[in-house]
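Morning, everyone. I have one structure to go through today, and I will keep it short. Please have the sequence and the model open.

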Amino acid sequence: MRYLFIFSALLISFQACTQGSMSKQQAKTESTEQSFPLQKSDEEWKAELTPEQYNVLRKKGTEARFTEIYNDPKDGIYRCSACNTPLFDAKTKYNSGSGWPAFYDIVSPENVVLAEDKSLGMVRNEVLCGKCGGHLGHVFEDGPKPTGLRYCINSVCLDFDKSQSSDK
Ligand SMILES: [Zn+2]
């Protein structure tokens, strides 16, 4: 009984970042077996990344909710914290209430890859960096207009670059 309760609590806490399945996608969906342009050994990643970055980006972990350090600047680009690839425009960031940074669009379909993720007993669309293959988070179809998408991303995977902004 006690275990059942813990399991339910776990399920509820995961829900905010795990709901929904996708039928349409903006980024390319690829097999996780594909090779990415930037290849490094596990040892190299371990040496370059912080333990928290390594756990999320390379081991597909999830950071604790409400650990985001960015206070929603409006001009700039969020880059992959492992390889510096531009991923999200600050203008597309919004507060989804989930406790993780949320974006409704990506900077470029070239820079982001989606892969089917069947872990935790459900089907979700995993968001990966298109250059280094680092795990960033998941995408859901309950986002705001104009895309209707919610890219739910771990903040530890993002570096904010205020010197750049894409005006498109
Ligand atoms: Zn990357």
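I will go from the overall layout to the core, then to one sheet, and end on a single residue.

First, a caution: this is a predicted model. So please read everything I say as computed from that prediction.

The layout, then. The chain has three helices and 10 strands. Reading from the N terminus, the order is α-β-α-α-β-β-β-β-β-β-β-β-β. The chain has 168 residues, and 32% of them are buried. If you take contacts between residues at least 6 apart in sequence, 62% of them join residues at least 24 apart.

Now the core. The largest nonpolar core contains 32 residues. Those with the most contacts inside it are Leu 87, Phe 88, Val 127, Cys 129, Tyr 151, Ile 153 and Cys 157. Which elements supply at least two residues each? There is one helix on the list, H3, at 51–57. The strands are E2 at 77–80, E3 at 86–89, E5 at 102–103, E6 at 112–117, E7 at 124–129, E8 at 135–140 and E9 at 150–153.

Tyr 151 is worth a look on your screens. Leaving out neighbours within four places in sequence, Tyr 151 is in contact with Phe 88, Ala 102, Phe 103, Ile 106, Val 127, Gly 137 and Val 139. Two of those names, Phe 88 and Val 127, you have just heard in the list of core residues with the most contacts.

Next, a sheet. Three strands form an open sheet in the order E3-E2-E10, with antiparallel pairing. Why do E3 and E10 each have one side without a neighbour in the sheet? They stand at the edges and each has a single partner strand, so one side is left free of a neighbour there. On average, neighbouring strands of this sheet are turned by 35 degrees against each other, ignoring direction. The antiparallel pairing of E2 with E10 runs over four bridges. For Cys 80, the bridge partner in E10 is Leu 158.

Last, Glu 126, which lies in strand E7. Is Glu 126 buried or partly exposed? Glu 126 has 19 C-beta neighbours inside 10 Å, and burial takes 20 or more, so Glu 126 counts as partly exposed. Not counting residues up to four places away in sequence, Glu 126 touches Leu 114, Ala 115, Asp 117, His 135 and His 138. Phe 140 is 14 residues from Glu 126 along the chain, and their C-alpha atoms are separated by 9.5 Å.

That is the end of my part.

Methods. Residues numbered from 1 in each chain as written. Predicted model: local features only at pLDDT ≥ 70, side-chain atom pairs only at ≥ 80, totals over all residues. Core = buried A, V, L, I, M, F, W, Y, C linked by C-beta atoms within 7 Å. Buried ≥ 20, exposed ≤ 12 C-beta atoms within 10 Å, placed from the backbone. Contact = placed C-beta atoms within 7 Å. Pairing = 2+ DSSP bridges. Axes fitted to C-alpha atoms, helices over the stretch in contact; angles between N-to-C directions.
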